[in-house]
Amino acid sequence: MSPEEKRNPESVETEEKEPENGKKVSKAKLEKAEAETEKAKAELAKALADRDHWKNEYYKAFADTQNLRRSLEEESRSAIRYRAEGFLENLLPALDSFHMALEMPAPTKESMNYQIGFTYIYNQIVDSLTSEGVTEISPKVGDDFNEHSMHAVEMVETTDVAPGKVARVAAKGYKLHDRMIRAAMVYVAKAPQKAQEEKAPETAENQKESAKA
């Protein structure tokens with residue numbers, strides 16, 4: 001230590017606190033700088049949190065927009081695909097009338113000629129509907145009853161076909177693509193009451209014989 005340092009030891013401490021530029025930094029300025037630094041850190045943290053929040057909001061809004069777009073596109077495709085549904089429903093009575101008229105035998109040659117003309121017109125209508133995605137459901141007498149494509153108008157007693165089979169077709173059914181517009185209207189066969197009564201004693205006797213055995 002030099003003689004000057006011995007005489008004035010405080011100068012050493014002062015020099016250690018002074019920055020390189022030779023200016024003294026007061027304690028108040030240091031505290032103020034630290035406070036501003038903390039404030040800047042808090043503002044930065046808030047800005048980052050806001051960024052993350054709005055980023056999530058953007059992704060949510062984008063996902064909602066995409067879902068809405070897909071939903072609208074699907075509705076548009078469905079509307080185009082099934083645009084003929086209302087028209088077909090209104091046309092069903094006319095189709096039923098054609099079907100009933102063509103099923104009846106022509107009593108005269110003149111009416112037979114009319115029937116041939118009606119058949120031609122009916123086939124044209126059916127071809128036009130087929131081009132729009134319409135499918136006829138045309139069960140035949142003797143077919144198995146299908147609950148998915150047929151509607152049972154009534155159960156009728158008959159021996160012409162087995163019970164549970166189609167006994168008579170009242171009206172054809174129609175589908176538009178994969179959508180059922182109307183099921184086929186059919187009469188379903190059931191065994192005559194007399195036949196059921198005759199089978200009942202036989203069943204009872206068989207049960208007695210089985211019990212004895």
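Start with the whole protein chain: from the N terminus on, its elements run α-α-α-α-α-β-β-β-β-β-β-α. That gives 6 helices and 6 strands, taken as DSSP runs (H or I with at least four residues for helices, E with at least two for strands) and numbered from the N terminus. This is a predicted model, where local features need pLDDT of at least 70 and side-chain atom pairs count only at pLDDT 80 or more, while totals for chains, interfaces and linings use all residues. Residues are numbered from 1 along each chain as its sequence is written, and side-chain values use heavy atoms, with hydrogens and water left out.

Now switch on the surface. The accessible area of the protein chain is about 16500 Å², with 54% belonging to carbon and sulfur atoms (Shrake-Rupley method, 1.4 Å probe). Among the 213 residues, 18% count as buried (under 20% relative accessible area, 1.4 Å probe, protein chains only).

Next, select His99, in helix H4 (residues 85-103). His99 is classed as buried because its relative accessibility is 11%. Beyond its neighbours within four places in sequence, His99 is in contact with Ala170, Ala171 and Lys172 (heavy atoms within 4.5 Å).

Then move to Thr158, in the loop between strand S2 (150-157) and strand S3 (166-171). Is Thr158 buried or exposed? Its relative accessibility is 16%, so Thr158 counts as buried. Show Asp160 too: its backbone nitrogen lies 3.0 Å from a polar atom of the Thr158 side chain. Leaving aside neighbours within four places in sequence, add Ala167, Ala189, Lys190 and Pro192, which are in contact with Thr158.

Definitions and conventions:
Buried means under 20% relative accessible area, exposed over 50%, partly exposed in between (1.4 Å probe, protein chains only). A polar contact is a pair of N or O atoms within 3.5 Å; within protein, one must be able to donate a hydrogen and the other to accept it, and residues adjacent in sequence count only if both atoms are side-chain atoms.
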